[in-house]
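Welcome to a short guided tour of one protein model. Have your viewer ready, and let us walk through it together.

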Amino acid sequence: MSSIRHIKEQKRAIIHGHAQSDNLKGLTQVLTTLASLVLLWWVALLSVKVSPWLTVPAVLLISLFTLRAFALMHECGHGSLFRTQRLNRAFGFLLGVVSGMPQYVWSQHHNFHHATNGNWDKYRGLYTTLSVDEYAAMADAQQRMYRGKCSIAVAPFAGLIYVIFNPRFTWLKGSFSLMRHIVKGKIAQPNLSIKARAATFETRYWKSKKEYWHMFWNNVVLLSIWALMCWGFGTVLFVAIYLISASLAGAAGIILFTVQHNFEHSYAGDGRDWDYETAAIEGTSFLILPRWLNFFTANIAYHHVHHLSAKIPNYRLIRCHNENLKLFSDVTRVKLFHIHKALKYILWDARAHRIISVAEYRQQMNQARYATDLSILKS
């Protein structure tokens with residue numbers, strides 16, 4: 001009997017045995033993370049006066065604790081860090097401000113990823129993984145740009161865009177479009193209320209009024225903190241520390257997320273034959289990380305368990321994995337020093353239902369050309 005079948009039969013028992021949230025553990029994780037960030041920011045800002053070199057370790061640690069804040073925010077979105085939704089919402093918002101991401105809006109998109117994990121017709125990851133046919137249709141320059149986009153070297157820039165730029169830009173652009181829509185409506189129909197006119201506005205940046213207000217308050221609070229920090233410590237100093245630490249944290253998050261779904265021949269089905277449990281076991285990897293890095297990533301390396309059920313909190317993932325080692329024997333293991341290799345798997349082979357590397361794609365093309373040439377010679 002396959003491990004997938006075993007998992008399907010025992011899934012309910014596995015989840016029931018480990019999906020219990022603990023408010024005290026959740027609160028301890030959040031408060032220690034936030035306290036560490038406050039302390040490290042204080043050290044980073046004051047150490048500059050002594051020597052900029054003393055600031056470097058503090059900035060690196062700020063990046064790691066920001067990554068941890070993002071991981072805990074992600075868990076609040078699943079409603080698993082705390083027992084009550086009130087605590088998950090409150091601390092999710094706070095951690096969203098710390099990590100630069102409107103938590104509620106982000107969690108809606110992320111929940112879609114969980115619901116469609118492994119169905120590459122619907123969701124293709126942060127880098128929007130191209131299919132083999134889409135890649136083949138590109139010009140050489142476009143192919144080079146795509147390969148470069150998925151590299152470790154570009155990850156800090158991608159992190160800056162993802163964490164700092166996009167959440168602010170989409171909110172501002174969407175808000176200006178909303179105001180323009182309201183003004184045009186009032187000119188055309190003066191008796192129409194602002195609320196009624198706003199209700200007819202549509203944008204791809206948010207799907208509901210609730211999402212918009214979460215974006216609004218996240219940005220207002222975060223921008224206010226930026227302004228206070230610039231006023232108190234100097235714009236250049238604050239911006240430099242903030243941009244560097246946020247970029248590194250964003251880069252680490254993007255890389256970790258990518259290699260947990262893009263690795264050698266990972267499962268990549270489509271809407272016709274997609275299976276949730278198969279995607280959780282064969283479409284996610286188990287990252288073998290040192291204990292200290294598991295701490296900063298809130299055990300998200302045990303991604304197969306997380307995708308089996310997002311209701312299992314981070315502080316129970318390791319135990320769940322260890323108690324079901326035989327069931328998870330088919331999960332692909334990716335070691336820390338093999339992450340660069342996993343990042344080479346950036347093409348979706350829709351025919352084989354798996355992720356392949358550019359090198360494999362080129363080999364396929366060469367074999368196809370050889371077969372064609374051989375056929376012509378025989379004819």
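The report below goes from the overall build to aromatic rings, single residues and one helix.

## Ground rules

This is a predicted model, in which local features need pLDDT of at least 70 and side-chain atom pairs count only at pLDDT 80 or more, while totals for chains, interfaces and linings use all residues. Residues are numbered from 1 along each chain as its sequence is written, and side-chain values use heavy atoms, with hydrogens and water left out.

## Overall build

The protein has 17 helices and five strands; these are DSSP runs numbered from the N terminus, with helices being H or I of at least four residues and strands E of at least two. The C-alpha trace spans about 75 × 60 × 50 Å along its principal axes. The radius of gyration is 23 Å, which agrees with the value near 21 Å for a compact globule of 379 residues. Here the radius is taken over C-alpha atoms, and the globule rule is 2.2 Å times the number of residues to the power 0.38.

Of the 379 residues, 49% are buried. Buried means under 20% relative accessible area, exposed over 50%, and partly exposed in between, with a 1.4 Å probe and protein chains only. Among contacts (heavy atoms within 4.5 Å) between residues at least 6 apart in sequence, 72% join residues at least 24 apart.

## Surface and charge

About 19,900 Å² of the protein is exposed, and carbon and sulfur atoms supply 64% of that area. The areas come from the Shrake-Rupley method with a 1.4 Å probe; for residues, only the protein chains shown count as cover.

There are 41 positive and 20 negative side chains, and the centres of the two sets lie 11 Å apart. Lys and Arg count as positive and Asp and Glu as negative, leaving out His and the chain ends. Each charge is placed at NZ of Lys, CZ of Arg, CG of Asp or CD of Glu.

## Aromatic rings

Rings of Phe, Tyr and Trp (its six-membered ring) pair if their centres lie within 6.5 Å; planes under 30 degrees apart are stacked, over 60 edge-to-face, and the rest tilted. The count comes to 22 aromatic pairs. One of them joins Phe-65 and Phe-295 edge-to-face, at 6.2 Å centre to centre with 80° between the planes. Phe-65 lies in helix α3 (residues 52–78) and Phe-295 in helix α13 (residues 291–296), so the pair ties together parts that are 230 residues apart in sequence. Phe-65 is buried at 10% relative accessible area, whereas Phe-295 is partly exposed at 37%.

Elsewhere in the sequence, Trp-171, Phe-201, Trp-206, Tyr-212, Trp-213, Phe-216 and Trp-217 form one aromatic cluster.

## Positive phi values

Thr-128 is not a glycine, yet its phi is positive, at about 50°. Thr-128 sits in the loop between α5 (103–116) and β1 (130–131) and is partly exposed, with 48% relative accessibility.

Asn-299 also has a positive phi, near 60°. Its place is the loop between α13 and α14 (303–308), and Asn-299 counts as buried at 12% relative accessibility.

## Packing around α2 and α15

Thr-33, in helix α2 (residues 23–47), is buried with a relative accessible area of 1%. Leaving aside residues up to four places away in sequence, Thr-33 touches Phe-65, Arg-68, Ala-69 and Leu-72.

Which residues of helix α15 (residues 314–323) are buried? They are Asn-314, Tyr-315, Arg-316, Leu-317, Cys-320 and His-321. Their cover includes α1 (3–18), α2, α3, β2 (285–288), α14 and β3 (332–335).
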